[in-house]
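User: Please take a close look at one helix and the strand it packs on, and follow the contacts outward. Where does each side lie, and what pairs with what?

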Protein chains: 2
Amino acid sequence: MDRLRKHIEEIVKLTDDEFERVKSFFTSRRVKKHQYLIQGGDAASYEYLILTGVFRMFYLDEDGKEYIVQFAGENWWMTDYQAYFGDKTATLHMLCMADAEVLCTTLNGRETMAAEFHKMEHFFRVKLTNGYVALQRRVLSLLSGTPQQRYEEFGKLYPQLMQKIPKKYIAEYLGVSRETLSRLYSR
Amino acid sequence: MDRLRKHIEEIVKLTDDEFERVKSFFTSRRVKKHQYLIQGGDAASYEYLILTGVFRMFYLDEDGKEYIVQFAGENWWMTDYQAYFGDKTATLHMLCMADAEVLCTTLNGRETMAAEFHKMEHFFRVKLTNGYVALQRRVLSLLSGTPQQRYEEFGKLYPQLMQKIPKKYIAEYLGVSRETLSRLYSR
(Lines give C-alpha, C1' and ligand atoms only; values in the text may rest on other atoms or scores of the structure.)
Protein backbone atom coordinates (compact mmCIF):
# COMPACT_ATOMS: atom_id res chain seq x y z
CA MET A 1 0.00 0.00 0.00
CA ASP A 2 3.06 2.28 0.04
CA ARG A 3 2.54 2.77 -3.68
CA LEU A 4 -1.04 3.93 -3.04
CA ARG A 5 0.12 6.50 -0.50
CA LYS A 6 2.83 7.81 -2.82
CA HIS A 7 0.31 8.00 -5.67
CA ILE A 8 -2.26 9.93 -3.62
CA GLU A 9 0.37 12.20 -2.10
CA GLU A 10 1.40 13.43 -5.53
CA ILE A 11 -1.81 15.45 -5.20
CA VAL A 12 -2.77 15.68 -1.50
CA LYS A 13 -0.84 14.99 1.72
CA LEU A 14 -2.45 12.61 4.22
CA THR A 15 -1.69 12.04 7.90
CA ASP A 16 -0.91 8.46 8.96
CA ASP A 17 -4.39 8.15 10.48
CA GLU A 18 -6.07 9.45 7.36
CA PHE A 19 -4.11 7.04 5.18
CA GLU A 20 -4.99 4.11 7.48
CA ARG A 21 -8.64 4.93 6.90
CA VAL A 22 -8.24 5.49 3.15
CA LYS A 23 -6.37 2.26 2.55
CA SER A 24 -9.13 0.27 4.27
CA PHE A 25 -11.26 0.96 1.18
CA PHE A 26 -8.84 -0.83 -1.16
CA THR A 27 -8.15 -4.47 -1.84
CA SER A 28 -5.23 -5.78 -3.83
CA ARG A 29 -5.48 -8.20 -6.74
CA ARG A 30 -3.06 -9.89 -9.12
CA VAL A 31 -4.11 -10.46 -12.71
CA LYS A 32 -2.40 -12.66 -15.30
CA LYS A 33 -1.93 -11.80 -18.96
CA HIS A 34 -5.05 -12.69 -20.98
CA GLN A 35 -7.32 -12.53 -17.89
CA TYR A 36 -10.32 -10.21 -17.84
CA LEU A 37 -10.75 -7.65 -15.06
CA ILE A 38 -14.12 -6.67 -16.49
CA GLN A 39 -16.23 -8.63 -18.94
CA GLY A 40 -19.13 -7.05 -20.79
CA GLY A 41 -22.40 -8.18 -19.23
CA ASP A 42 -20.93 -8.42 -15.72
CA ALA A 43 -21.42 -5.81 -13.03
CA ALA A 44 -18.65 -3.18 -12.98
CA SER A 45 -18.31 -3.26 -9.19
CA TYR A 46 -14.80 -1.87 -8.93
CA GLU A 47 -12.64 0.94 -10.11
CA TYR A 48 -9.01 -0.14 -10.51
CA LEU A 49 -5.76 1.65 -9.84
CA ILE A 50 -3.10 -0.11 -11.90
CA LEU A 51 0.16 -0.54 -9.98
CA THR A 52 1.91 -2.67 -12.59
CA GLY A 53 0.87 -4.17 -15.93
CA VAL A 54 -1.03 -3.00 -18.97
CA PHE A 55 -4.70 -3.31 -19.90
CA ARG A 56 -6.80 -2.58 -22.90
CA MET A 57 -10.43 -1.59 -22.69
CA PHE A 58 -12.58 -2.40 -25.67
CA TYR A 59 -16.05 -2.90 -27.02
CA LEU A 60 -17.06 -5.98 -29.01
CA ASP A 61 -19.73 -5.55 -31.65
CA GLU A 62 -22.22 -8.24 -32.63
CA ASP A 63 -19.81 -9.64 -35.21
CA GLY A 64 -17.06 -9.97 -32.61
CA LYS A 65 -15.07 -7.03 -33.97
CA GLU A 66 -13.04 -5.28 -31.27
CA TYR A 67 -12.90 -1.48 -30.81
CA ILE A 68 -10.26 -0.20 -28.37
CA VAL A 69 -11.53 2.72 -26.29
CA GLN A 70 -8.44 3.14 -24.11
CA PHE A 71 -5.23 1.53 -22.90
CA ALA A 72 -4.24 1.78 -19.25
CA GLY A 73 -0.83 1.34 -17.64
CA GLU A 74 0.89 2.17 -14.35
CA ASN A 75 -0.89 4.72 -12.15
CA TRP A 76 -3.99 4.88 -14.34
CA TRP A 77 -7.44 4.55 -12.81
CA MET A 78 -9.77 2.57 -15.00
CA THR A 79 -13.16 0.93 -15.19
CA ASP A 80 -16.29 1.01 -17.35
CA TYR A 81 -17.37 4.30 -15.80
CA GLN A 82 -20.85 4.36 -17.26
CA ALA A 83 -21.53 1.01 -15.63
CA TYR A 84 -19.62 1.76 -12.41
CA PHE A 85 -21.27 5.10 -11.69
CA GLY A 86 -24.64 4.12 -13.08
CA ASP A 87 -24.78 0.75 -11.34
CA LYS A 88 -25.36 -1.00 -14.66
CA THR A 89 -23.74 -4.04 -16.26
CA ALA A 90 -20.56 -3.35 -18.22
CA THR A 91 -20.66 -2.85 -21.99
CA LEU A 92 -16.85 -2.70 -22.17
CA HIS A 93 -14.24 -5.39 -21.61
CA MET A 94 -11.00 -4.79 -19.72
CA LEU A 95 -8.31 -7.33 -20.58
CA CYS A 96 -4.86 -7.78 -19.07
CA MET A 97 -2.03 -7.52 -21.65
CA ALA A 98 0.90 -7.96 -19.21
CA ASP A 99 0.86 -9.53 -15.71
CA ALA A 100 -0.55 -6.92 -13.40
CA GLU A 101 -1.18 -5.86 -9.83
CA VAL A 102 -4.16 -3.60 -9.23
CA LEU A 103 -5.93 -1.99 -6.28
CA CYS A 104 -9.73 -2.21 -6.31
CA THR A 105 -12.29 0.09 -4.72
CA THR A 106 -16.07 -0.04 -4.84
CA LEU A 107 -18.22 2.97 -5.69
CA ASN A 108 -19.43 2.95 -2.11
CA GLY A 109 -15.85 3.00 -0.83
CA ARG A 110 -14.87 5.78 -3.21
CA GLU A 111 -17.85 7.96 -2.23
CA THR A 112 -17.26 7.33 1.48
CA MET A 113 -13.60 8.38 1.18
CA ALA A 114 -14.62 11.52 -0.72
CA ALA A 115 -17.33 12.39 1.82
CA GLU A 116 -15.10 11.83 4.86
CA PHE A 117 -12.04 13.63 3.50
CA HIS A 118 -12.21 16.85 1.51
CA LYS A 119 -8.66 16.00 0.42
CA MET A 120 -9.81 12.74 -1.17
CA GLU A 121 -12.74 14.49 -2.86
CA HIS A 122 -10.13 16.84 -4.33
CA PHE A 123 -7.87 13.94 -5.32
CA PHE A 124 -10.65 12.19 -7.24
CA ARG A 125 -11.71 15.45 -8.89
CA VAL A 126 -8.17 16.08 -10.14
CA LYS A 127 -7.92 12.53 -11.49
CA LEU A 128 -11.29 12.89 -13.26
CA THR A 129 -10.23 16.22 -14.72
CA ASN A 130 -7.16 14.64 -16.30
CA GLY A 131 -9.27 11.78 -17.63
CA TYR A 132 -11.83 14.21 -19.05
CA VAL A 133 -9.22 16.22 -20.89
CA ALA A 134 -7.66 13.03 -22.32
CA LEU A 135 -11.08 11.87 -23.57
CA GLN A 136 -11.88 15.25 -25.15
CA ARG A 137 -8.58 14.95 -27.04
CA ARG A 138 -9.43 11.40 -28.05
CA VAL A 139 -12.81 12.53 -29.47
CA LEU A 140 -11.09 15.28 -31.40
CA SER A 141 -8.44 12.98 -32.76
CA LEU A 142 -11.09 10.44 -33.85
CA LEU A 143 -13.12 13.16 -35.56
CA SER A 144 -10.47 15.07 -37.38
CA GLY A 145 -7.03 13.58 -36.95
CA THR A 146 -4.86 12.23 -39.74
CA PRO A 147 -3.03 8.95 -38.93
CA GLN A 148 0.10 11.03 -38.24
CA GLN A 149 -1.74 13.30 -35.77
CA ARG A 150 -3.41 10.34 -34.04
CA TYR A 151 -0.07 8.65 -33.66
CA GLU A 152 1.50 11.76 -32.11
CA GLU A 153 -1.49 12.17 -29.80
CA PHE A 154 -1.08 8.55 -28.74
CA GLY A 155 2.59 9.17 -27.93
CA LYS A 156 1.64 12.12 -25.71
CA LEU A 157 -1.13 10.23 -23.92
CA TYR A 158 0.81 7.01 -23.38
CA PRO A 159 4.54 7.88 -23.39
CA GLN A 160 5.43 4.86 -21.25
CA LEU A 161 3.19 2.43 -23.11
CA MET A 162 4.45 2.86 -26.67
CA GLN A 163 7.07 0.14 -26.17
CA LYS A 164 4.89 -2.21 -24.14
CA ILE A 165 1.83 -2.53 -26.37
CA PRO A 166 2.01 -4.83 -29.41
CA LYS A 167 1.83 -2.81 -32.64
CA LYS A 168 -1.25 -4.74 -33.70
CA TYR A 169 -3.28 -3.09 -30.93
CA ILE A 170 -1.81 0.36 -31.44
CA ALA A 171 -2.87 0.16 -35.10
CA GLU A 172 -6.34 -0.91 -33.98
CA TYR A 173 -6.57 1.95 -31.48
CA LEU A 174 -5.49 4.47 -34.11
CA GLY A 175 -7.76 3.01 -36.78
CA VAL A 176 -4.90 2.49 -39.25
CA SER A 177 -3.39 -0.55 -40.98
CA ARG A 178 -0.19 -2.11 -39.62
CA GLU A 179 1.66 -0.96 -42.73
CA THR A 180 0.64 2.65 -42.10
CA LEU A 181 1.71 2.30 -38.47
CA SER A 182 5.15 0.98 -39.51
CA ARG A 183 5.61 4.02 -41.71
CA LEU A 184 4.67 6.30 -38.80
CA TYR A 185 7.14 4.51 -36.48
CA SER A 186 10.00 4.84 -38.94
CA ARG A 187 9.67 8.64 -39.13
CA MET B 1 -28.30 34.12 -9.73
CA ASP B 2 -31.36 32.22 -8.45
CA ARG B 3 -30.87 29.85 -11.34
CA LEU B 4 -27.30 29.17 -10.21
CA ARG B 5 -28.41 28.36 -6.68
CA LYS B 6 -31.14 26.03 -7.90
CA HIS B 7 -28.66 24.33 -10.23
CA ILE B 8 -26.05 23.77 -7.50
CA GLU B 9 -28.66 22.67 -4.98
CA GLU B 10 -29.74 19.82 -7.20
CA ILE B 11 -26.53 18.26 -5.89
CA VAL B 12 -25.51 20.04 -2.64
CA LYS B 13 -27.41 22.35 -0.26
CA LEU B 14 -25.78 25.70 0.55
CA THR B 15 -26.48 28.15 3.37
CA ASP B 16 -27.25 31.75 2.36
CA ASP B 17 -23.76 32.81 3.43
CA GLU B 18 -22.13 30.03 1.46
CA PHE B 19 -24.11 30.93 -1.63
CA GLU B 20 -23.21 34.62 -1.27
CA ARG B 21 -19.56 33.62 -1.37
CA VAL B 22 -20.00 31.12 -4.22
CA LYS B 23 -21.89 33.54 -6.43
CA SER B 24 -19.11 36.13 -6.08
CA PHE B 25 -17.02 33.89 -8.35
CA PHE B 26 -19.46 34.16 -11.24
CA THR B 27 -20.16 36.89 -13.75
CA SER B 28 -23.11 36.93 -16.11
CA ARG B 29 -22.91 37.44 -19.85
CA ARG B 30 -25.37 37.61 -22.74
CA VAL B 31 -24.35 36.18 -26.10
CA LYS B 32 -26.09 36.67 -29.44
CA LYS B 33 -26.61 34.00 -32.07
CA HIS B 34 -23.49 33.66 -34.29
CA GLN B 35 -21.20 35.15 -31.62
CA TYR B 36 -18.20 33.20 -30.37
CA LEU B 37 -17.74 32.52 -26.66
CA ILE B 38 -14.38 30.90 -27.39
CA GLN B 39 -12.30 31.25 -30.52
CA GLY B 40 -9.42 28.91 -31.28
CA GLY B 41 -6.13 30.66 -30.59
CA ASP B 42 -7.55 32.77 -27.75
CA ALA B 43 -7.03 31.98 -24.08
CA ALA B 44 -9.81 29.82 -22.60
CA SER B 45 -10.09 31.89 -19.45
CA TYR B 46 -13.60 30.87 -18.44
CA GLU B 47 -15.79 27.88 -17.90
CA TYR B 48 -19.42 28.61 -18.79
CA LEU B 49 -22.65 27.46 -17.23
CA ILE B 50 -25.32 27.87 -19.87
CA LEU B 51 -28.57 29.28 -18.45
CA THR B 52 -30.36 29.69 -21.78
CA GLY B 53 -29.37 29.17 -25.40
CA VAL B 54 -27.50 26.54 -27.38
CA PHE B 55 -23.85 26.30 -28.37
CA ARG B 56 -21.77 24.06 -30.55
CA MET B 57 -18.15 23.33 -29.87
CA PHE B 58 -16.03 22.41 -32.85
CA TYR B 59 -12.59 22.10 -34.30
CA LEU B 60 -11.61 23.65 -37.64
CA ASP B 61 -8.97 21.87 -39.67
CA GLU B 62 -6.50 23.61 -41.95
CA ASP B 63 -8.95 23.42 -44.85
CA GLY B 64 -11.68 25.10 -42.79
CA LYS B 65 -13.68 21.89 -42.35
CA GLU B 66 -15.66 21.87 -39.12
CA TYR B 67 -15.76 18.89 -36.70
CA ILE B 68 -18.38 19.12 -33.94
CA VAL B 69 -17.10 17.77 -30.63
CA GLN B 70 -20.16 18.59 -28.53
CA PHE B 71 -23.34 20.60 -28.33
CA ALA B 72 -24.28 22.33 -25.09
CA GLY B 73 -27.67 23.58 -23.93
CA GLU B 74 -29.34 24.66 -20.69
CA ASN B 75 -27.56 23.66 -17.49
CA TRP B 76 -24.47 22.34 -19.28
CA TRP B 77 -21.00 23.41 -18.21
CA MET B 78 -18.70 23.91 -21.14
CA THR B 79 -15.32 25.18 -22.21
CA ASP B 80 -12.23 23.94 -24.04
CA TYR B 81 -11.10 21.98 -20.98
CA GLN B 82 -7.65 21.14 -22.22
CA ALA B 83 -6.95 24.84 -22.64
CA TYR B 84 -8.82 25.92 -19.49
CA PHE B 85 -7.17 23.46 -17.12
CA GLY B 86 -3.81 23.55 -18.84
CA ASP B 87 -3.66 27.34 -19.19
CA LYS B 88 -3.12 27.03 -22.94
CA THR B 89 -4.75 28.74 -25.90
CA ALA B 90 -7.96 27.15 -27.15
CA THR B 91 -7.90 24.70 -30.06
CA LEU B 92 -11.72 24.51 -30.09
CA HIS B 93 -14.32 27.10 -31.02
CA MET B 94 -17.54 27.62 -29.08
CA LEU B 95 -20.24 29.33 -31.14
CA CYS B 96 -23.67 30.52 -30.05
CA MET B 97 -26.55 28.93 -32.06
CA ALA B 98 -29.43 30.63 -30.22
CA ASP B 99 -29.35 33.83 -28.08
CA ALA B 100 -27.91 32.83 -24.75
CA GLU B 101 -27.23 33.83 -21.18
CA VAL B 102 -24.26 32.23 -19.48
CA LEU B 103 -22.44 32.43 -16.16
CA CYS B 104 -18.64 32.57 -16.34
CA THR B 105 -16.06 31.46 -13.81
CA THR B 106 -12.27 31.50 -14.01
CA LEU B 107 -10.14 28.48 -13.15
CA ASN B 108 -8.88 30.40 -10.14
CA GLY B 109 -12.46 31.06 -8.99
CA ARG B 110 -13.45 27.44 -9.51
CA GLU B 111 -10.47 26.11 -7.57
CA THR B 112 -11.00 28.63 -4.75
CA MET B 113 -14.66 27.60 -4.39
CA ALA B 114 -13.65 23.93 -4.34
CA ALA B 115 -10.91 24.54 -1.77
CA GLU B 116 -13.11 26.65 0.53
CA PHE B 117 -16.18 24.42 0.39
CA HIS B 118 -16.02 20.64 0.43
CA LYS B 119 -19.59 20.79 -0.92
CA MET B 120 -18.46 22.69 -4.02
CA GLU B 121 -15.56 20.29 -4.53
CA HIS B 122 -18.19 17.53 -4.49
CA PHE B 123 -20.46 19.45 -6.85
CA PHE B 124 -17.71 19.91 -9.43
CA ARG B 125 -16.66 16.28 -9.09
CA VAL B 126 -20.22 15.08 -9.77
CA LYS B 127 -20.49 17.36 -12.82
CA LEU B 128 -17.15 16.10 -14.16
CA THR B 129 -18.22 12.51 -13.60
CA ASN B 130 -21.31 13.03 -15.75
CA GLY B 131 -19.23 14.71 -18.42
CA TYR B 132 -16.67 11.91 -18.36
CA VAL B 133 -19.30 9.23 -18.81
CA ALA B 134 -20.89 11.17 -21.69
CA LEU B 135 -17.50 11.48 -23.42
CA GLN B 136 -16.70 7.78 -22.96
CA ARG B 137 -20.02 7.05 -24.69
CA ARG B 138 -19.19 9.51 -27.46
CA VAL B 139 -15.83 7.78 -28.07
CA LEU B 140 -17.55 4.43 -28.22
CA SER B 141 -20.23 5.65 -30.58
CA LEU B 142 -17.60 7.22 -32.88
CA LEU B 143 -15.58 4.00 -32.89
CA SER B 144 -18.24 1.41 -33.37
CA GLY B 145 -21.69 2.90 -33.80
CA THR B 146 -23.89 2.56 -36.84
CA PRO B 147 -25.69 5.78 -37.90
CA GLN B 148 -28.81 4.40 -36.19
CA GLN B 149 -26.95 3.79 -32.90
CA ARG B 150 -25.26 7.21 -33.03
CA TYR B 151 -28.62 8.86 -33.58
CA GLU B 152 -30.15 7.06 -30.60
CA GLU B 153 -27.14 7.95 -28.45
CA PHE B 154 -27.55 11.58 -29.49
CA GLY B 155 -31.19 11.50 -28.43
CA LYS B 156 -30.21 10.18 -24.99
CA LEU B 157 -27.43 12.73 -24.50
CA TYR B 158 -29.38 15.74 -25.76
CA PRO B 159 -33.09 15.01 -25.24
CA GLN B 160 -33.98 18.72 -25.07
CA LEU B 161 -31.78 19.75 -27.96
CA MET B 162 -33.08 17.49 -30.73
CA GLN B 163 -35.69 20.07 -31.73
CA LYS B 164 -33.48 23.13 -31.29
CA ILE B 165 -30.46 22.21 -33.38
CA PRO B 166 -30.68 22.53 -37.17
CA LYS B 167 -30.52 19.12 -38.82
CA LYS B 168 -27.46 20.15 -40.79
CA TYR B 169 -25.40 20.23 -37.60
CA ILE B 170 -26.88 17.06 -36.18
CA ALA B 171 -25.85 15.27 -39.37
CA GLU B 172 -22.36 16.74 -39.04
CA TYR B 173 -22.11 15.67 -35.40
CA LEU B 174 -23.21 12.15 -36.26
CA GLY B 175 -20.98 11.95 -39.32
CA VAL B 176 -23.87 11.06 -41.65
CA SER B 177 -25.41 12.68 -44.72
CA ARG B 178 -28.59 14.76 -44.40
CA GLU B 179 -30.45 12.11 -46.40
CA THR B 180 -29.41 9.41 -43.93
CA LEU B 181 -30.45 11.66 -41.04
CA SER B 182 -33.90 12.23 -42.59
CA ARG B 183 -34.38 8.46 -42.82
CA LEU B 184 -33.39 8.10 -39.14
CA TYR B 185 -35.85 10.85 -38.12
CA SER B 186 -38.72 9.25 -39.98
CA ARG B 187 -38.34 5.92 -38.15
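Analyst: The helix comes first, then the strand, then the relation between the chains.

This is a predicted model, with local features taken at pLDDT of at least 70 and side-chain atom pairs at 80 or more, while totals use all residues. Residues count from 1 along each chain, chains are lettered from A, and side-chain values use heavy atoms without water.

Start with helix H7 of chain B, residues 167-174 (helices are DSSP runs of at least four H or I residues, strands of at least two E). Its buried residues (under 20% relative accessible area; exposed is over 50%; 1.4 Å probe) are Tyr169(B), Ile170(B), Ala171(B), Tyr173(B) and Leu174(B). Tyr169(B) and Tyr173(B) both belong to that buried set, as do Ile170(B) and Leu174(B). In an α-helix, residues three or four places apart point the same way, because a turn takes 3.6 residues.

What do the buried residues of H7(B) pack against? Three strands of chain B are partners: S3 (46-60), S4 (66-72) and S6 (93-106). The helical partners in chain B are H5 (118-144), H6 (147-157) and H8 (178-186). Packing here is by contact (heavy atoms within 4.5 Å). Gly175(B) follows H7(B) and has a positive phi, near 70 degrees.

Now take S6(B), one of the strands under those buried residues. S6(B) is mostly covered, with 10 of its 14 residues buried. S1, S2 and S3 of chain B each pair with S6(B) (at least two DSSP bridges). S3(B) runs antiparallel to S6(B) over 11 bridges. In that pairing, Val54(B) sits opposite Ala98(B) of S6(B). S3(B) also takes part in the packing of H7(B). S1(B), residues 27-31, is antiparallel to S6(B) as well, over 5 bridges. Val31(B) faces Ala100(B) of S6(B) there. S2(B), residues 36-38, joins S6(B) by 2 bridges, again antiparallel. Met94(B) in S6(B) is the bridge partner of Ile38(B). In a regular strand, side chains alternate between the two faces of the sheet.

Step back to the whole assembly. Chain B superposes on chain A by a rotation of 180 degrees, with 0.0 Å of shift along the axis and an RMSD of 0.0 Å (least squares on C-alpha atoms with pLDDT of at least 70 in both). The two copies are thus related as by a two-fold rotation axis. Both copies use the same surface: 97% of the contact residues of chain B recur in chain A.
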